[in-house]
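Q: Please take a close look at one part of this model, and then set it against other places in the structure. A connected account is preferred to a list.

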4 protein chains.
Amino acid sequence: MSEIKKIAVLTSGGDAPGMNSAVRAVVFSANNLGIEVVGVLRGYEGLIDWETIPLGLDDVRNINNQGGTILFTSRSERFLDQKYRHTAAKNLRAHDVDAVVAIGGDGTLRGAIKFKDEGVNIVCIPGTIDRDVACSEYTLGFDTAANTAMEAIDKIRDSSVSHGRCSVVEVMGRKRGYIALWAGMATSADAIVLPEKWDGNFDYIINALRKRHTDGRNSYLVVVAEGVTDAGKLADLIQKETGIESRVSVLGYIQRGGQPTAKDRMYGSLMGAYAIEILRQGRGNRIVAIKNDILVDYDIAEAIDLHNNNLDSFQYQLSLMLAE
Amino acid sequence: MSEIKKIAVLTSGGDAPGMNSAVRAVVFSANNLGIEVVGVLRGYEGLIDWETIPLGLDDVRNINNQGGTILFTSRSERFLDQKYRHTAAKNLRAHDVDAVVAIGGDGTLRGAIKFKDEGVNIVCIPGTIDRDVACSEYTLGFDTAANTAMEAIDKIRDSSVSHGRCSVVEVMGRKRGYIALWAGMATSADAIVLPEKWDGNFDYIINALRKRHTDGRNSYLVVVAEGVTDAGKLADLIQKETGIESRVSVLGYIQRGGQPTAKDRMYGSLMGAYAIEILRQGRGNRIVAIKNDILVDYDIAEAIDLHNNNLDSFQYQLSLMLAE
Amino acid sequence: MSEIKKIAVLTSGGDAPGMNSAVRAVVFSANNLGIEVVGVLRGYEGLIDWETIPLGLDDVRNINNQGGTILFTSRSERFLDQKYRHTAAKNLRAHDVDAVVAIGGDGTLRGAIKFKDEGVNIVCIPGTIDRDVACSEYTLGFDTAANTAMEAIDKIRDSSVSHGRCSVVEVMGRKRGYIALWAGMATSADAIVLPEKWDGNFDYIINALRKRHTDGRNSYLVVVAEGVTDAGKLADLIQKETGIESRVSVLGYIQRGGQPTAKDRMYGSLMGAYAIEILRQGRGNRIVAIKNDILVDYDIAEAIDLHNNNLDSFQYQLSLMLAE
Amino acid sequence: MSEIKKIAVLTSGGDAPGMNSAVRAVVFSANNLGIEVVGVLRGYEGLIDWETIPLGLDDVRNINNQGGTILFTSRSERFLDQKYRHTAAKNLRAHDVDAVVAIGGDGTLRGAIKFKDEGVNIVCIPGTIDRDVACSEYTLGFDTAANTAMEAIDKIRDSSVSHGRCSVVEVMGRKRGYIALWAGMATSADAIVLPEKWDGNFDYIINALRKRHTDGRNSYLVVVAEGVTDAGKLADLIQKETGIESRVSVLGYIQRGGQPTAKDRMYGSLMGAYAIEILRQGRGNRIVAIKNDILVDYDIAEAIDLHNNNLDSFQYQLSLMLAE
């Protein structure tokens, strides 16, 4: 692969804390190698419409502690169409861009795999609070989101303990229950509902609450991942089956934003630097990932089938033991 | 009034951060005067059923930074019935309790006024995040709730700015728009909807958003107090009238909980100490209040008609100017 | 006074959270009236050297939640010299600036009073974490600093309770003990040392600690304002006189920074808007202040002798009672 | 190994956030197996003096979000003496305690290795903010401390940027520079000083600052681990060699306390449960550890020589690249 002189960087999919740290590290590392960086706005949409801004050190120096993404983002429908990917690739060539660094989640990776067919060199960085890019144990934004959810539930608990009732809290996570698992464990939830483990009915929750009620407890906390059901239906069921007064909280978009934690700033920085390192080594079409808590990288097409990220681990067994 | 030797303290209505500081100060101040303190559980319900715990210095020493209330709370339906208030008063006499300190909101004050007719000496402390005890400029819990709402909306903003859309955030406040006003001002909202000022339609919001859209803005924030409408209806209206993609967030119960801010711990402590000071002076049936940022107290029956707390101030005019 | 068409705004003295909200409100309010705003960098130094930036809505739209000041600041030695104030005044006239809004503390106000003699129209806004601008009950930044100190001390307490020892924490406040008072009260300190009340010796602290030790306590917290003494000397004295193992913490500059609380964003916004309102009314050479928790303003020369801000209030008496 | 019926749990060495989650998980997991738990106070000192409290579910149910340790701690000098370890072992036998779970740092592990010679079955959990238990990649408390340091430095930065000067911040870490590395990376420090990498002089810092000054920067941030030097000396050197005004901050004990982050609550819970699992399997004299981000365990005597935790990794190289 020929020498890299100019790259484009973009953020795509749901915004995630730590994306700015990755962008910053990409710019600093590229700068160290004399590589020019172009910031693409609004993810893949910006490649199609060629909406860009120059990115120098001063543009990114102090963005480490900012939530959201300075490059904005989108879930591009048009990029699913080969016609638009072709346009995007033409734009890159027209502007002498040698490679693209794309920070995003599963949808971003899938888009990258197709984009590769246009002859584009693209390096992906997994960034999504859902932690559902299967080839990576960790994705940028998860730690911040888990802490945000935990802190919000700590406050909700204060209120349900004071009033002696049940709080049913819905957290983000359509396919993966990581946020529900961590936030539920961290706030001593009485029951946690995960997509990966849900067998279709809520009997175990009803039974757990009944048992605690019998043991003399009078406040309860249930954390449910949005992919299973919405908190409202579950609260109604609980109130109907046990008589326990239940209140609903849907944490919503607070889970996407906020100043990133130390882990997301650190891992965002490391992943961004690593992406440039991959390009410096003359490699391409890779996705940066975490495996065994170490930075690694995979071919983006092969990465789709890797599963370094799942809940069937010893750790999960233990956490279920604790949650009972 | 004869010398006070034993008092009961309770927290009632919605829980509010700072209630624990008030309880703590009541116990410490009473202890300084050799007055015994009984903690009543679950507000007025605990007076009816005489559910109590002894409260010594060690029980309250470190509760200053705890959200919720260590005495639990309730919205007592039974206390609305004179029969049960009579029972409660009998319980107090049977246990030689000379006075009651009740920390709560508007409903708690109204219950206290009726309770006075049973010959009970009761001193109230205004504690509710809604800031709607009319005789007092400030009520315990408001500062913490305003900051909690502000921080949550800061995070939601990160996401709507990244995605270029409108966030409609619903905050607590059925009759009063204080939380909406402070949180909306603090997060640079494009429009704030307050019960006190809402004239029945949302045209001004639609117009404000259209104007900003025309000015080149592409992300928007609307903060609405729950007493006006729910955020879902408003978001649908915005999307329908302007085409701007809108997402809903209902902050919910996080606004009730969490570690209290410095103001709520400080004012909670001052109000608790002041309640005991009132009793020491041989006075009773008063409500502690804040007027001109100074501690004052009023006769509880007269207090209902006082309005030291309203939005028609110069400050509110200015804030509306800024919000446009 | 002739119509205001262009103003300059600056921040001076120690930086304080909320300064950005005031700058933002100045720009928005001025913009509403068609007044052009010039941002002066680094306080009075920027007036002398005429270092400025234009300030439009987009420059300040999102700075509400930022600590520090986007206009930077300084403690200008040169401004004490009439020669340089003369230069500064000439710069203002040369650039058609009709009035100056200066946000800062006591030193900034004193500089403004002298600057007035150069024929400059200057409106001051009290901004300093020390809360020591005597004519105002409140100064921007205090609430955030008090909360920052409180949260830091909460963490320090965890450690001294775990180890069973005494923590002596030094907080900011050379002449005023507000931060020490609020942070000490909010964290249940065993003793608080304030400049306003210190009589020259620490016997009362030694006695308080000895008494608690006798009562069976084994961890202690002392909060001291830097203006009295440094925490190291006090810790040594405690260890020498009581044998209690003592550790020192100097909170330092964390107290100046951080995202502002809701109060500092709100009051910063109100004060900034009010400053422009004063100019719009054709008045000048005023300082915005808070009295009875209401916005007021005073002639800057007279303001120096006003004392709306002192600790000899009923509230302070009560807080001392609680601290014993 | 015979069946475990009763265990003792203690926390020892510097307190660390997450210790309470580990204690809680030990109690819950033991309870699930019908094992009785005795809480030993103040670490190894409590074993020597047999100062204990019973630990049931209600004692630990809600301690997940509390900093410090409910069992208190100490750095026991007496435990270094075999005579006292012998006494401690006798106490355990006299009270039918089958095994001990000890949560602490390197000193605690070394004490455990010696204690094993008294015929005691002891399982260790690595808990210390310094992350210097060599056999484990991670130790409880590090994530919280790194985030606390990061947040404090973010605030300090606001002030040094506003004033245009250099902040030299000293963080904890006598032998290990992890907190300095993470906090420095997360706050975009201009230079980071680590014990593992320091070669005896500060030229590289002076040069880095001079270069940035030449590039037009006027505020700087240096983060130094306490094990290298104290921030005061470094600040003096910087001011002397470069003329740049420098201010010192020593973060101190705030780094030990505070509510634990999600990682420390989760890993504390997992490690506590795993310790009981080890005992249930009939194994003993082990230390729980993290390797490749998975829970593992090692023989405590062998663990001393393992090095799963060091900075000479690819990740560290990358982070140094970024810090330049």
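A: The part chosen is the loop between helix 3 and helix 4 of chain C, where Gly67(C) lies. The model is a predicted one, and its scores are ipTM 0.94 and pTM 0.95.

Gly67(C) has a relative accessible area of 14%. The cut-off for a buried residue is under 20%, so Gly67(C) counts as buried. Part of the cover can be read from its contacts. Leaving out residues up to four places away in sequence, Gly67(C) touches Asn20(C), Gly258(C), Gln259(C) and Pro260(C), and from chain D it touches Asp158(D). One of these partners, Pro260(C), is 193 residues away in sequence, yet the two C-alpha atoms are 6.0 Å apart.

Gly68(C) is in the loop between helix 3 (57-60) and helix 4 (82-94) of chain C. Gly68(C) is buried, with a relative accessible area of 1%. Beyond four places in sequence, its contacts in chain C are Asp15(C), Ala16(C), Met19(C) and Asn20(C). Its contacts in chain D are Asp158(D) and Ser162(D). The C-alpha atom of Met19(C) is 7.2 Å from that of Gly68(C), with the two positions 49 residues apart along the chain. Asn20(C) and Asp158(D) appear among the contacts of Gly67(C) and also among those of Gly68(C).

In chain D, the loop between helix 3 (57-60) and helix 4 (82-94) holds Phe72(D). At 28% relative accessibility, Phe72(D) counts as partly exposed. Its phi is positive, near 55°, and the residue is not glycine. Most residues other than glycine have a negative phi.

Positive phi values also occur in chain C. Asn292(C), a residue other than glycine, has a phi near 55°. Asn292(C) sits in the loop between strand 10 (286-291) and strand 11 (294-299) of chain C, and its relative accessibility of 28% makes it partly exposed. Ser188(C), which follows helix 7 of chain C, has a positive phi near 55° as well.

Helix 7 of chain C covers residues 178-186, and nine of its nine residues are buried, so the helix is largely enclosed by the rest of the structure. The buried residues run from Tyr178(C), Ile179(C) and Ala180(C) through Leu181(C), Trp182(C) and Ala183(C) to Gly184(C), Met185(C) and Ala186(C).

Helix 5 of chain C, residues 106-116, contains Ala112(C). Ala112(C) is buried, with a relative accessible area of 0%. Apart from neighbours within four places in sequence, Ala112(C) is in contact with Tyr44(C), Ile122(C), Cys124(C) and Ile300(C). Gly227(C), 115 residues from Ala112(C) in sequence, is 25 Å from it, C-alpha to C-alpha.

Chain A offers a buried position in a strand. Glu170(A) is in strand 6 (residues 166-171) of chain A, and its relative accessible area of 12% makes it buried. With neighbours within four places in sequence set aside, Glu170(A) is in contact with Val224(A), Glu226(A), Thr229(A), Asp230(A) and Ala231(A), and also with Ser249(A), Val250(A) and Leu251(A). Asp130(A) is 40 residues from Glu170(A) along the chain, and their C-alpha atoms are separated by 14 Å.

For chain A there are also values for the whole chain. Chain A has twelve helices and eleven strands. Its radius of gyration is 22 Å, which agrees with the value near 20 Å for a compact globule of 324 residues. The C-alpha trace spans about 70 × 35 × 35 Å along its principal axes. Buried residues make up 67% of the 324 residues. Of the contacts in chain A between residues at least 6 apart in sequence, 74% join residues at least 24 apart. The accessible surface of chain A is about 11100 Å², and carbon and sulfur atoms account for 46% of that area. Chain A carries 36 positive and 42 negative side chains, with the centres of the two sets 1 Å apart. Its mean pLDDT is 93, and 95% of its residues reach 70 or more.

To return to the loop, Gly67(C) is buried at 14% and Gly68(C) is buried at 1%. Asp158(D) is among the residues that touch Gly67(C), and Gly68(C) is in contact with both Asp158(D) and Ser162(D).

Conventions. Residues numbered from 1 in each chain as written. Chains lettered and ligands numbered in written order. Predicted model: local features only at pLDDT ≥ 70, side-chain atom pairs only at ≥ 80, totals over all residues. Heavy atoms only, no water. Helix = DSSP H or I, 4+ residues; strand = E, 2+ residues; numbered from the N terminus. Rg over C-alpha atoms; globule rule 2.2 N^0.38 Å. Buried < 20%, exposed > 50% of the residue type's maximum accessible area, 1.4 Å probe, protein only. Contact = heavy atoms within 4.5 Å. Areas by Shrake-Rupley, 256 points an atom, 1.4 Å probe, with all protein chains shown as cover. Lys, Arg positive; Asp, Glu negative; His and termini not counted. Charge placed at Lys NZ, Arg CZ, Asp CG, Glu CD. pLDDT = per-residue confidence, 0-100.
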